[in-house]
Amino acid sequence: MDSHDEYENQAFIFYLQEKATTTDSAADTGPLAESLPTDSDSKTNTQTLQNSSPADADNPVSTQPFQSFSPDADNQVNVEPLTNSSFCHNETKKIKRHKEKSFLSKGAAACVIAFSILTASACGFVFGLWTGNHQEASVTQGIPAAVSTLPTQNLISTTSGLSVAEVAAATANSVVEITTESVQTGMFIGQYIASGAGSGVILSSDGYIVTNNHVIDGANKITITLKNGNSYQGKVIGADSKTDIALLKIAATGLTPVVFGDSDQLIVGELAVAIGNPLGQLGGTVTDGIISALDREIELDNTTMHLLQTNAAINPGNSGGGLFDGNGQLIGLVVAKSSGNDVEGLGFAIPSNLVKTVVADLKNHGYVQGRIDIGMNFIDISTPQMAMMYRVQSTGVYVQQVTPDSNADRAGIQSGSRVLSVGGQVVESISALNKALEQYKVGDTINMVLVQNDEQKTVHFKLSEYKG
């Protein structure tokens, strides 16, 4: 037997062993079990078993050599049963079992992966919340206390107020143009008519209007023009030079008054809209900016004032116009701008709360109650040229006019006297004089040192109430 025949016999033996194992050993008594070698058959020649061919109960085992086996249609054992034998089927089962094990492994792996993803997501979410809260706490801790404690109402008012266009539309009819005429006396040309211009704000529907005192001071004629173009002659109800506020009245009804805001609640950075008559020719001009500073101490016309500062464009002619907040409420009365080379964005306004107080007194009394009346007007001669022009020997503060029948007149003070001190404070300018007078109230007795008729003298007199 060559090596090829020996290989085929070993394969067939393996086939028979596999066939036997596929049946139940306790119940299988079929023909195939009878044909398998047993212990009793151990004496049978091994060569004979190796040379035998497969058979069943109806087909005796052939003794022909395995190499001479050739399957055909008449032989009950052919290649087809071998191909579809239990060996091949068992291998299929083994493969299926292997796949089942593989499937279970993949399922378990999928579960592990899914669990890992869920766990990672949950951890990431929790970490994200912690990080966000930590960062928010860090940012909050980094905000200055002055910012974090800002009034909520002001913040809401600033962010949820009107636009500049809406503020202008809501307030434009409440701002007026003012033109004035006054008689002036020149050194060379004698008397002439001087004109001026400014702005004003309507306070009531029946014609009360507020403006700056310096806009109408000394005017012989005041003309007020509304936004609709109608013009009226204005009458002075009262004026206060200390606060630079004047109250006017026109014979008109159905006007649109402003709504007052609370200037004490303003914050730096809040919207500010100025409406006025710049240059006296551009009535209704709207400029916007912010509140740049609060309670600025500014000296205007030798008087110290506490004003709002804004970077909204202010020009000559804007004086007496309105400064409005983001809700269209009046928060200030424009009074001045800082001028000079390379100076921009410095405008000032009288706080609205002060305007309300002064206007109430002017309307009810024609003057601001509690103001002292010194009974004199003064002129500040600050340069040698001015001293030569007024024919005096020294610079300083001089009495320009004494009110007849005033306490100063009764004390014997004359025009042309130079003031040296008031209440022990040296006076070298009008602003210094005004500061010295701030310590007095109505009814106090003042002592004043003067140079009068080339002689120094001290006078005493009682201060009365100024009534306009």
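Before I turn to one helix, let me fix a word: a residue is called buried when its relative accessible area is under 20%, and exposed when that value is over 50%. Please keep in mind throughout that what we have on the screen is a predicted model.

With that word in hand, look at helix 8, which spans residues 164-171 and whose buried residues are Val-167, Ala-168 and Thr-171. When we look down the axis of helix 8, these buried residues fall within an arc of 100 degrees, so they line one face of the helix. In general, an α-helix has 3.6 residues a turn, so residues three or four places apart point the same way. On the face of helix 8 that is turned away from the buried side, we find the exposed residues Ala-165, Ala-169 and Ala-170.

Let me now step back to the whole chain. The protein chain contains 13 helices and 21 strands, and of its 468 residues 34% count as buried. If we take the contacts with a separation of 6 or more, 57% of them are accounted for by residues 24 or more positions apart. The chain exposes about 27700 Å², and carbon and sulfur atoms supply 52% of that area.

Next, the interior. The largest nonpolar core has 25 residues, and the members that touch the most others are Leu-203, Val-210, Ile-245, Phe-324, Ile-350, Val-355 and Val-359. Among the elements that give two or more residues to this core are strand 3 (208-211), strand 7 (245-249), strand 13 and helix 10 (352-365). Taking Leu-203 as an example, and setting aside residues up to four places away in sequence, its contacts include Val-210, Leu-247, Phe-260 and Val-359. There is also a second, separate core of 22 residues, which includes Val-399, Ala-408, Ala-436 and Val-459.

I would like to finish with two single residues, both in strands. Gly-347 lies in strand 13, which covers residues 347-351, and with a relative accessibility of 0% Gly-347 counts as buried. Gly-347 and Ala-313 are 34 residues apart in sequence, while their C-alpha atoms are 7.0 Å apart in space.

The other residue is Thr-223, whose place is in strand 4, residues 221-225. Is Thr-223 buried or exposed? Thr-223 has a relative accessible area of 17%, and because the cut-off for buried is under 20%, Thr-223 counts as buried. Leaving out residues up to four places away in sequence, Thr-223 touches Glu-177, Ile-178 and Thr-179, and also Ser-231, Tyr-232 and Gln-233.

How values were computed: Residues are numbered from 1 along each chain as its sequence is written. This is a predicted model: local features need pLDDT of at least 70, side-chain atom pairs count only at pLDDT 80 or more; totals for chains, interfaces and linings use all residues. Side-chain values use heavy atoms; hydrogens and water are left out. Helices (H or I, at least four residues) and strands (E, at least two) are DSSP runs, numbered from the N terminus. Buried means under 20% relative accessible area, exposed over 50%, partly exposed in between (1.4 Å probe, protein chains only). Contact means heavy atoms within 4.5 Å. Accessible areas come from the Shrake-Rupley method with a 1.4 Å probe; for residues, only the protein chains shown count as cover. A nonpolar core is a set of buried Ala, Val, Leu, Ile, Met, Phe, Trp, Tyr and Cys residues joined through side-chain atoms within 4.5 Å. The arc is that of the directions from the helix axis to the C-beta atoms.
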